[in-house]
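Work through the exercises below with the structure open. Try each task before you read its solution.

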Amino acid sequence: MTMTLKQAVEQALVADRDRLAAYVKLETVSAQHRGISETVDFLEQAFRAVGAAVTVWRDVAGSHPFVFATLPVGPTGNADKTLLFYNHYDVQPPEPLDEWQTAPFDLTEVDGKYVARGVSDDKGELMARLSAVKALQATSGLPCNLKFVVEGEEEIGSPHIAPMVQQHAAELAADVIVWETGGKDADENFDITCGVKGIMSFELRVKTAEKDLHSSLAAYADNAAWRLTRALASLRGPDNRVLVEGFYDDVRALTAEEQRATAALPFNETTTRETFGLKRPLVTADPVAALVNATTMTINGLSSGYEGEGVKTVLPKQATAKLDCRLVPNQEPKKLAQLIQAQLVRNGFEDVEVVYLLGEKPFRSNLTDPFVQLAVKTAAKVYGGRVKLVPNAAGTGPQVFFGETLQAPIVAFGTTWAGSGPHAPNENIRIADYQQDAWYTAEVLRNFGME
């Protein structure tokens, strides 16, 4: 009896469980430069086990290695089509350790879920894709040429993606790109996401004295912490709108297709509140539109003076704040940093310095692209009617370097669910979602080759 593609996927996943466990066992924490070489070796072996040709790119100065793998089309596939997968092999640190209910780097099954650091973001996704490859090889053969590029610095902002893509554009060339991960929303809809917001991370710094003062001298001496908080308050209004002149000037309005897709997206406020334990009202009346096409300014952290136990009556000499802005199409990170500095000067805070840390431009694929539509149509077979087309994620990734350089559409889909908790303790995916995503991936590849 001939095995169906779905059956082949299920068989591959059973056989590959130990590979998934071994992959998440590796403590590949890029922020601490841990486990990098061991993980690169593991991936070389994993790709070669499915017949891929593998090259490790170590030619980008200062970067963790990039793993590049290629698989040729099968005998009955379409040799004129190539699909590129992007994934990353690094993970976030596991801390706080005392909040984990299982060992963070041990793949553990709990209530129908796989639990481990990186199983959701993004090690599990890559292993599901390799299982999909095995299933296709065991049935009809690969329907198109496949390429994989796996980086080791996504969790620290992908600082070397741009030069890597520039140096290896010819090898990376593909008709379409599938991004690292995705999954189901709070209403259990399967999301096909076609872009990301950009980001601009920066610090505000102010110094009001050469040394800390006794707090009694606040009678006449300015306080760096107060100075900074007033400067921060001058940049954003109580309605959540950024008050920087020109901040919104370059924002591109949604196209008609993007408006329709956005209007069709749900937002389950009750589930969202329960998932994150939100204690304050939402800062927008339209969270869906804000997630897709609203730019933000967020204080990530504040530091000044004495923050230890007990009392120290000090007037701090300096204060710093870390912030980020999430950006939408047409906004430029460095331009916004300049606008913020100019606004501070206009507001009377010329002594508050903007220090630009990093930036990534936003990216959004054309929702009418044939591959985007193919991904949606294929999802109907695997996920039924619970499928949503999402113009872009609220988060950020280095899509723009691939999309603009390779001139290819990008879609993201994957194994996660609303309670996956990437970056948090007890990160997890549901095993049923993992199986479903691997099957969907195989179907997308088959349909793309047949298109």
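**Exercise 1. Which residues does Leu-83 contact, leaving aside its neighbours within four places in sequence?**

Solution. Start with the lower numbers: Leu-83 is in contact with Cys-144, Asn-145, Leu-146 and Lys-147. Contact means heavy atoms within 4.5 Å. Then go on along the chain: Leu-83 also touches Ala-174, Val-176, Val-178, Phe-371, Leu-445 and Phe-448.

A note on the model before you continue. It is predicted: local features need pLDDT of at least 70, side-chain atom pairs count only at pLDDT 80 or more, and totals for chains, interfaces and linings use all residues. Residues are numbered from 1 along each chain as its sequence is written, and side-chain values use heavy atoms, with hydrogens and water left out.

**Exercise 2. Which residues of the largest nonpolar core touch the most other members?**

Solution. First fix the term: a nonpolar core is a set of buried Ala, Val, Leu, Ile, Met, Phe, Trp, Tyr and Cys residues joined through side-chain atoms within 4.5 Å. Buried means under 20% relative accessible area, exposed over 50%, and partly exposed in between (1.4 Å probe, protein chains only). The largest core has 69 residues, and Leu-43, Phe-47, Leu-83, Leu-146, Phe-148 and Tyr-440 touch the most other members. Helix α14 (residues 431-450) gives this core its largest share, nine residues. Helices (H or I, at least four residues) and strands (E, at least two) are DSSP runs, numbered from the N terminus. A second, separate core has 26 residues, including Phe-202, Phe-247, Leu-336 and Leu-344.

**Exercise 3. How do α4 and α14 pack: at what angle, and with their axes how far apart?**

Solution. Take the axes as lines fitted to C-alpha atoms, for helices over the stretch in contact; angles run from 0 to 180 degrees between N-to-C directions. The angle between α4 and α14 is about 55°, and their axes are 8 Å apart. These two helices are therefore oblique to each other. For reference, angles under 35 degrees count as roughly parallel, over 145 as roughly antiparallel, 65 to 115 as roughly perpendicular and the rest as oblique. Next, find the contact: residues of α4 including Met-127, Ala-128 and Ala-132 meet residues of α14, among them Ala-438, Ala-442 and Leu-445.

**Exercise 4. Are α2 and α4 roughly parallel or roughly antiparallel?**

Solution. Read the angle: the axes of α2 (residues 17-25) and α4 (residues 123-138) cross at roughly 150° and come within 10 Å. α2 and α4 are therefore roughly antiparallel. Now the residues: Arg-19, Leu-20, Tyr-23 and Val-24 of α2 meet α4 residues including Leu-126, Met-127 and Leu-130.

**Exercise 5. Where does Ser-158 lie, and is Ser-158 buried or exposed?**

Solution. Place it first: Ser-158 is in the loop between β6 (145-151) and α5 (161-167). Its relative accessibility is 4%, so Ser-158 counts as buried. Leaving aside neighbours within four places in sequence, Ser-158 contacts Tyr-86, Glu-151, Glu-153, Glu-360 and Pro-398.

**Exercise 6. Which peptide bonds here are cis, with omega near 5° and near 10°?**

Solution. The bond from Glu-95 to Pro-96 is cis, with omega near 5°. Pro-96 sits in the loop between β3 (82-88) and β4 (108-110). The bond from Asp-121 to Asp-122 is also cis, with omega near 10°. Asp-122 lies in the loop between β5 (113-115) and α4.
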